[in-house]
Amino acid sequence: MKKVLYGIVILSLLLLTACSSKENKQAESKPVESQPIESEQADLETEKATEDKYIPKEIKYYEIENPGRELTSLEKELLRYPGIYSGDQYDEAKVNEALDELPDNLTEEQYMDELLYLLNEDYHEDIETLVNFDSTVEVDIARPDETVNEPTLKTAHYAILIDASGSMKASVGNKTRMEAAKAAVMEFAKQVPENATISMRVYGHKGSGSDADKKLSCSSTENFYNGNFDDQKFQKSLDKVKPAGWTPIGLALESVKEDIPVNTDDVVVYVVSDGIETCGGDPVKAAKDLVATDIETVVNIIGFDVDDDEGQKLLKEVATAGKGEFTYVNSERDMKNYMRVQYEEIQKRWREWKEEGKSKAREMKEEKKALARNTKESMKEKSRQEKERLKSAQNYLKERFKDYEHPIYQMFSTIVDYSNAKWNYAVDVGNQAWSESVDNGNKEWSNYVDEGNKKINETIEKKRK
């Protein structure tokens with residue numbers, strides 16, 4: 001009976017001990033359950049305090065004055081101020097020191113901005129070059145005025161003085177002197193540049209060769225044409241010239257001043273005559289007076305089938321006084337040969353003009369090509385260097401954060417895409433600027449070739465007539 005009771009007591013003690021132990025454990029576990037909650041709150045508060053302390057860097061951008069169009073978002077990003085350790089300022093140790101100062105809990109975007117604050121390259125001059133790139137190739141070379149004396153005159157006037165004395169009725173081959181002279185004058189007039197003016201003055205065209213008409217004839221000189229060359233109007237005026245009386249060369253040279261337009265810089269006078277002054281004038285003095293004016297003047301004398309040595313001597317003296325040349329012709333063939341020499345000089349000037357234009361167009365094209373290419377290569381190298389430095393900075397931070405879920409581990413693609421976008425922009429826009437420069441340069445080159453060849457061919461055709 002006692003054994004039974006002992007057993008019951010022992011059992012009861014064991015049960016009580018067990019219950020007591022369980023309750024003690026429950027009582028002891030209560031503060032343990034509350035500890036994680038308090039820790040999480042503390043961590044949250046710490047993180048919040050850290051976030052409150054983080055001040056993002058101010059992002060600054062360059063501005064392009066009057067870009068002419070709305071910039072793309074990428075172009076605006078490329079105008080971001082350079083990082084403090086960009087370009088030649090790069091110092092890996094200093095970069096790592098700056099990275100050590102970064103908080104642990106920034107977002108991917110915040111980390112990227114911090115890295116760019118340190119390492120972003122300076123593209124703003126490259127962007128300004130490409131945004132404002134002018135691929136136009138325009139060469140402005142003064143066209144030759146197509147005369148042997150002053151092939152580059154800007155405001156030139158050509159005065160042709162035609163001897164209409166009775167001796168011009170004489171035959172030269174199957175034509176009269178006057179008919180041959182008219183044909184040569186017309187050929188020459190067609191070569192006058194469009195921006196120049198031309199005049200036709202006739203002398204000795206009134207009265208006759210008789211003594212009774214000498215006074216009338218010697219006082220006769222008249223302007224038949226003045227202005228820009230017009231084929232039909234000039235020919236119509238030329239048709240009115242009829243050989244008649246005496247030869248007042250001096251009077252014609254004195255009167256030609258009336259034919260020169262205001263603000264003319266240069267004058268070329270061509271005197272077509274078959275003989276000497278027969279009216280008592282002084283053509284040598286008149287020629288000297290002409291070239292003594294403020295207007296640059298040259299007097300060329302074309303002695304057409306001059307019969308005597310005295311006439312040739314006088315005409316040479318007039319040409320010398322007029323700082324020009326004397327050319328003696330005694331036939332229509334000689335007259336045309338003289339004009340052909342003029343055309344050959346014109347032809348030479350057009351060749352020179354064409355070659356200079358080609359050279360300048362090619363030179364300008366190469367300059368613009370080089371600018372586009374160099375800008376592109378500059379941006380490519382900067383973006384490549386920037387990408388490698390950003391990747392290096394990311395790798396440095398990865399050593400600090402072992403949690404693969406940390407934002408720094410997600411940044412590799414962001415860095416690569418960001419830098420590649422800059423590289424691609426440089427290639428695409430740089431190549432476009434290069435191609436446009438090539439096309440425009442080739443077009444301008446062709447313009448000079450085409451116009452030059454056209455003018456050269458025109459003078460060749462004139463020589464063949």
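**Exercise 1. Determine which residue in strand 5 stands opposite Ile-198, and how strand 4 is placed among its neighbouring strands.**

Solution. Begin with the residue itself: in this predicted model, Ile-198 stands opposite Gly-227 in strand 5. Next, take the strands as a whole, where strand 4 (197-203) and strand 5 run antiparallel and are joined by 6 bridges. Then turn to strand 1, which pairs with strand 4 in the parallel sense over 7 bridges, and within this pairing Val-202 of strand 4 is the bridge partner of Ile-162.

**Exercise 2. Decide which residues of strand 4 point one way and which the other, and whether they are buried or exposed.**

Solution. Sort the side chains by direction: Thr-197, Ser-199, Arg-201 and Tyr-203 point one way, while Ile-198, Met-200 and Val-202 point the other way. Then apply the cut-off for burial, which is a relative accessible area under 20%; by this criterion 7 of the 7 residues of strand 4 are buried, those on either side included.

**Exercise 3. Describe the largest nonpolar core and the surroundings of Ile-198.**

Solution. First establish the extent of the core, which has 39 residues, those with the most contacts inside it being Ile-162, Ile-198, Met-200, Phe-234 and Val-241. Next, ask which elements supply at least two residues each: among them are strand 1 (156-163), strand 4, strand 5 (221-227), helix 8 (231-239) and helix 12 (332-400). Finally, follow Ile-198 outward, leaving aside its neighbours within four places in sequence; its contacts include Tyr-158, Ile-160, Val-192, Tyr-225, Phe-229 and Phe-234.

**Exercise 4. Identify the cysteines that form a disulfide, and work out its handedness and which parts it ties together.**

Solution. The sulfur atoms of Cys-218 and Cys-279 are 2.0 Å apart, which lies within the 2.5 Å cut-off for a disulfide, and the count comes to 1 disulfide. Because the torsion about the S-S bond is about -80°, the disulfide is left-handed. Cys-218 lies in helix 7 (214-218) and Cys-279 in the loop between strand 6 (266-273) and helix 10 (283-291), so the pair ties together parts that are 61 residues apart in sequence. Cys-218 counts as buried, at 15% relative accessibility.

**Exercise 5. Locate the largest cavity by naming the residues that line it.**

Solution. The structure holds 1 cavity of 30 Å³ or more, and about 40 Å³ of space lies in the largest cavity. Its lining consists of Tyr-90, Glu-92, Val-95, Asn-96, Leu-119, Arg-389, Ser-392 and Ala-393, with helix 3 (92-100) and helix 12 as the elements that give two or more residues to it.

Definitions and conventions
Residues numbered from 1 in each chain as written. Predicted model: local features only at pLDDT ≥ 70, side-chain atom pairs only at ≥ 80, totals over all residues. Heavy atoms only, no water. Helix = DSSP H or I, 4+ residues; strand = E, 2+ residues; numbered from the N terminus. Buried < 20%, exposed > 50% of the residue type's maximum accessible area, 1.4 Å probe, protein only. Core = buried A, V, L, I, M, F, W, Y, C linked by side-chain atoms within 4.5 Å. Contact = heavy atoms within 4.5 Å. Pairing = 2+ DSSP bridges. 1 Å grid on protein atoms, 1.4 Å probe; cavity = no way out; pocket = protein on both sides within 12 Å on 5 of 7 lines; lining within 4 Å. Points joined across faces, edges and corners; volume = space filled by probe spheres on them.
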